[in-house]
Amino acid sequence: RIRMDEKKAEETKRYSIIDGSFWSIMSNAGLSYLAPFAIAINAPLQIVGAMTSVPTLLDGIGQMAASRTKARGGRGELATRSVAVQALFWLFLAGLAICSPNISSDGTYILLVFFAAAIFFFGGFADPFWFSMMGDVVRDEDKATWFGNRNRINIVVGFVTLLVAGLLLESLKSNPLLGFVLLFLAAGISRLIGSYFLSLHYDPPKASGYGSEPGKEVKKYAQTLFLMYFAINVSSGYSAYYAISFLNLDYLQFSIALAFFTIMQAIAAPHWGRLMEKYGAKKVFVASAGLMAPLPFFTSFMHDAPGIMLSYSYSGIMISGMNLAILNYMYDITSPQVRIKARGQSSFSIGIGTFLGVAAGGAIMSLFGGAGQSAFYAVFFASSICRFAAVAFANFSLKEPKPARENAKVGDMIVKIVTVYPIKGVMYDLNALARRFQ
């Protein structure tokens, strides 16, 4: 255990929750509306897809660059500088939204992709430093609980942000560019405020051997994440286009769908946490990803707003388990000395997988004539097949890093998740609510 000032560590955990809340405002007022903004300025399908693939690739490159940097300064200081620059690019993007009617279409598209890529790059550059620093600040036995609580607070803040954003865009539908200007300004200001609280974080002394190379388990995990995010983004890169341009959802309906996706993550997170404590991170990862695999295929048959909202809600439940498992599995297989480089490698794999997945989805759609029903059927079906393949690879290649309290096959666990645990989860929540009023 690294020696640290416990008082400062507790203060840092409080500051991190505040910083996370402002990050959530940035994410849900800004990142969630990059693709809708591209659609609003009549960007072609390729640019809409690029709003997912290119920025995420730059996020991975940023994290890889951070893991290899020799720059002077503590982890908190480096993360704070990067986040402050990220906030600045949100303000540039708001300026682009103001000036876009006076700029050529091609110029607007190029600047949009560039600013979005810069936002992701500097956000990605900060992430490994934050990940490593908080991995030292939060005790191993408290990680699942503390990160779970922080994540739930972020999700609730994000839920409210999405609803406000949707109402704002709907009220300004006669002038949607003004709505996007206000959202991007909110994103930038929120990130700037968050950077202040990030600057207050306590950076504990680094463990001896800090900066060592990760082992084979991290590389195998990075390969798994590459395959999983490739599979997911074959279809996910075009989900906003499918909802807004093909099914003609308005901004409020789309925002409500995103809000359902967000709030279902918060509702599901405690139940995934209990499953993880019982069965382990690897099994939760495989089970949640396996249950999410058929979703794109079924989504292709949903042609109205309620169907899309149902799809986003189910996705939120499963992505909650997957994200929680990804974070805890990485902490479980790494020591403090290797976490920055391990985070950089895994995030770079996610970026490459996302970029190639969106490119593959675009190629499939082109083969079927562009953004028509048959093209969406094809890309959603292909995504489901690829997801099942990625889940199979994860199941057979990854090992449970820590002994689980109970042993169970993944298939048996999935059956329990679908049949038994929804009822147990409801009863658990009702009992918890009843205890509050006793």
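**Reading helices, contacts and buried residues**

Q: What is the orientation of α5 and α14 to each other?

A: They're oblique to each other. The general idea is to look at the crossing angle: 65 to 115 degrees would be roughly perpendicular, and over 145 roughly antiparallel. Here the axes of α5 (residues 105–137) and α14 (residues 339–367) cross at roughly 135 degrees, so the pair falls in the oblique class. The two axes come within 8 Å, and α5 passes α14 in a right-handed crossing. Keep in mind as you look around that this is a predicted model.

Q: Which residues make the contact of α5 with α14?

A: On the α5 side, look for Asp 127, Pro 128, Phe 129, Phe 131, Ser 132, Gly 135 and Asp 136. On the α14 side you'll find Arg 339, Ile 340 and Arg 343. Sorted by class, this contact of α5 with α14 has 4 nonpolar, 2 polar and 4 charged residues.

Q: Where is another pair of packed helices, and what is the angle?

A: Try α10 (residues 251–279) and α11 (residues 281–292), which pack at about 130 degrees with their axes 7 Å apart. You read the angle just as before, so α10 and α11 are oblique to each other. Trp 272, Leu 275, Met 276 and Tyr 279 of α10 meet Ala 281, Lys 283, Val 284 and Ser 288 of α11. By class, that contact has 6 nonpolar, 1 polar and 1 charged residues.

Q: What does the chain have by way of helices and strands?

A: Count the two kinds of element and you get 17 helices and 0 strands.

Q: Of the 438 residues, what share counts as buried?

A: To call a residue buried, check that its relative accessible area is under 20%. By that test, 55% of the 438 residues are buried. Now for how the chain comes together: take contacts between residues at least 6 apart in sequence, and 88% of them join residues at least 24 apart.

Q: Is Ala 165 buried or exposed?

A: Ala 165 has a relative accessible area of 1%, so this residue is buried. You'll find Ala 165 in helix α6 (residues 143–171). Leaving aside residues up to four places away in sequence, Ala 165 touches Tyr 33, Leu 183 and Ser 255. Sequence separation and distance in space are two separate readings: Ala 165 and Leu 252 are 87 residues apart in sequence and 8.3 Å apart in space, C-alpha to C-alpha.

Q: Which residues in helix α9 are buried?

A: Run along α9 (residues 239–246) and you'll meet buried Ala 240, Tyr 241, Tyr 242, Ala 243 and Ile 244. Next, see what the buried residues of α9 pack against: α2, α3, α10, α12, α13 and α15.

Q: How many salt bridges are there?

A: You look for a Lys or Arg side-chain nitrogen within 4 Å of a carboxyl oxygen of Asp or Glu. The count here comes to 7 salt bridges. One of them joins the side chains of Asp 136 and Arg 75, at 2.8 Å from N to O. Asp 136 is in α5 and Arg 75 in α4, 61 residues apart, so to speak a link between distant parts of the chain. Both Asp 136 and Arg 75 are buried. There's also a network of salt bridges linking Arg 75, Asp 136 and Asp 203.

Q: Where do Arg 81 and Glu 77 lie?

A: Both lie in helix α4, 4 residues apart, which is about one turn of the helix. They form a salt bridge too, with the closest N and O atoms 2.3 Å apart. Arg 81 counts as partly exposed at 45% relative accessibility, and Glu 77 is partly exposed at 40%.

Q: Which residue forms a salt bridge with Glu 170?

A: That's Lys 173, with the closest N and O atoms 3.2 Å apart. Check each partner's accessibility separately: Glu 170 is buried at 18%, while Lys 173 is exposed at 56%.

Q: What is the phi of Asn 42?

A: Asn 42 has a positive phi of about 60 degrees, although this residue is not a glycine. Asn 42 sits in the loop between α2 and α3 and is exposed, with a relative accessible area of 64%. Asn 248 also has a positive phi, near 60 degrees. You'll find Asn 248 in the loop between α9 and α10, exposed at 58%.

Technical notes. Residues are numbered from 1 along each chain as its sequence is written. This is a predicted model: local features need pLDDT of at least 70, side-chain atom pairs count only at pLDDT 80 or more; totals for chains, interfaces and linings use all residues. Side-chain values use heavy atoms; hydrogens and water are left out. Axes are lines fitted to C-alpha atoms, for helices over the stretch in contact, and angles run from 0 to 180 degrees between N-to-C directions. Angles under 35 degrees count as roughly parallel, over 145 as roughly antiparallel, 65 to 115 as roughly perpendicular and the rest as oblique. A crossing is left-handed if the near helix is turned anticlockwise from the far one by less than a right angle, and right-handed if clockwise. Contact means heavy atoms within 4.5 Å. Ala, Val, Leu, Ile, Met, Phe, Trp, Tyr, Cys and Pro count as nonpolar, Asp, Glu, Lys and Arg as charged, and the others, Gly among them, as polar. Buried means under 20% relative accessible area, exposed over 50%, partly exposed in between (1.4 Å probe, protein chains only).
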